[in-house]
Amino acid sequence: MTIKALLLWVLVSSAAPGADVAPTAVPALDQRIAELVAEVERGVGDVPVMLASSLRHADRGSLILVDARTQAERNVSIIAGAIALAQADRLTLSPDLHVVVYCTIGLRSGHAARDLRERGIDAVNLRGGVLAWLAEGGTLVDPAGKPTHRVHVYGRRWNVVPDSFEAVW
């Protein structure tokens with residue numbers, strides 16, 4: 001094992017459960033998404049993150065997904081199984097509870113994850129939010145639970161979705 005690989009292993013193994021480490025360990029995101037994420041992380045960089053690629057391969061039975069977007073955004077689509085942030089207020093402390101919070105790009109969810117952590121809940125921010133999720137091949141469902149290719153992206157500036165998706169704002 002090289003020194004670089006060993007250092008990366010130490011960083012990853014010492015991170016909070018469910019969290020991924022530094023931006024240098026992030027798979028290549030679309031350049032525009034990466035720029036948006038960099039802006040967001042100035043405000044919530046202290047909050048542990050989970051990468052979309054890690055979420056796609058995680059045992060979803062041990063996670064609670066929390067969507068920090070507005071009701072209007074959630075009415076378009078959500079990551080399957082996600083609950084609204086308002087429902088997260090009912091979460092009780094449990095060592096088995098692992099929460100992943102997301103929004104469009106990660107700013108609102110970063111603040112929400114920070115608030116949950118201050119309450120003692122093991123919450124992390126989905127780095128890059130729905131945009132990173134879609135870039136990694138993630139899927140969405142509509143409010144009835146049916147697959148959809150529509151996604152609310154908050155505004156024109158965040159219209160960085162795969163060609164197979166329709167962005168609305």
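Two strands count as paired if DSSP finds at least two bridges between them. The model examined here is predicted. On that criterion, 5 strands form an open sheet. Their order is β1-β5-β4-β2-β3, and the pairing is parallel. β1 and β3 (83-84) stand at the edges. Each has a single partner strand, so one side of each is left without a neighbour in the sheet.

The pairing can be followed strand by strand, beginning at the β3 edge. β2 and β3 run parallel and are joined by 2 bridges. Within this pairing, D67 stands opposite A84 in β3. Strand β2 covers residues 63-67. On to β4, β2 is joined by 5 bridges, again in the parallel sense. Two of the residues of β2 can be placed against β4. The bridge partner of V66 in β4 is V101. That of D67 in β4 is Y102. D67 is thus placed against A84 in β3 and against Y102 in β4.

Strand β4 spans residues 98-102. It runs parallel to β5, and 4 bridges join the two. Here V101 stands opposite N125 in β5. The chain passes from β4 through α6 to β5, and this β-α-β crossover is right-handed. V101 therefore has a partner on either hand, because β4 pairs with more than one strand: V66 is its bridge partner, and N125 stands opposite it in β5.Strand β1 (residues 49-50) pairs with β5 in the parallel sense over 2 bridges. M50 has L126 as its bridge partner in β5.

Burial was then examined for two strands of the sheet. Of the 5 residues of β2, 4 are buried, so β2 is largely enclosed by the rest of the structure. Strand β5 (residues 122-126) is mostly covered as well, with 4 of its 5 residues buried.

Two contacts in space link positions that are separated in sequence. R60 is found in the loop between α3 (52-57) and β2. R60 and H98 are 38 residues apart in sequence. Their C-alpha atoms are 9.9 Å apart in space. R60 has a relative accessible area of 33%, so R60 is partly exposed. The other case involves helix α6, where G110 is placed. G110 has 0% relative accessibility and counts as buried, because the limit for burial is under 20%. G110 and A68 lie 42 residues apart along the chain. Their C-alpha atoms are separated by 9.1 Å.

The largest pocket was considered next. Its volume is about 180 Å³. The lining consists of L36, E39, V40, C103, T104, I105, L107, R108, Y154, R157 and W158. By residue class, the lining divides into 7 nonpolar, 1 polar and 3 charged. Helices α2 (31-44) and α6 (107-118) each supply at least two of the lining residues. α2 gives the most, with 3 residues. Helix α6 thus appears in two settings: in the crossover from β4 to β5, and in the lining of the largest pocket.

Two of the lining residues, Y154 and W158, also form an aromatic pair. The structure holds 1 such pair. The ring centres of Y154 and W158 are 5.2 Å apart. The planes meet at 75°, and the pair is edge-to-face. The geometry is assigned in this way because planes over 60 degrees apart count as edge-to-face.

The two partners differ in burial class. W158 has 18% relative accessibility and counts as buried, because that value falls under 20%. Y154 has a relative accessible area of 47% and is partly exposed. Y154 is placed in the loop between β8 (150-152) and β9 (166-168). The backbone at Y154 has a phi near 80°. This is a positive value in a residue other than glycine. Y154 therefore combines partial exposure with a place in the lining of the largest pocket and a ring paired with that of W158.

Key: Residues numbered from 1 in each chain as written. Predicted model: local features only at pLDDT ≥ 70, side-chain atom pairs only at ≥ 80, totals over all residues. Heavy atoms only, no water. Phe/Tyr/Trp six-rings, centres within 6.5 Å; stacked < 30°, edge-to-face > 60°. Buried < 20%, exposed > 50% of the residue type's maximum accessible area, 1.4 Å probe, protein only. 1 Å grid on protein atoms, 1.4 Å probe; cavity = no way out; pocket = protein on both sides within 12 Å on 5 of 7 lines; lining within 4 Å. Points joined across faces, edges and corners; volume = space filled by probe spheres on them. Nonpolar A, V, L, I, M, F, W, Y, C, P; charged D, E, K, R; others polar. Right-handed = clockwise from strand over helix to strand, strands pointing away.
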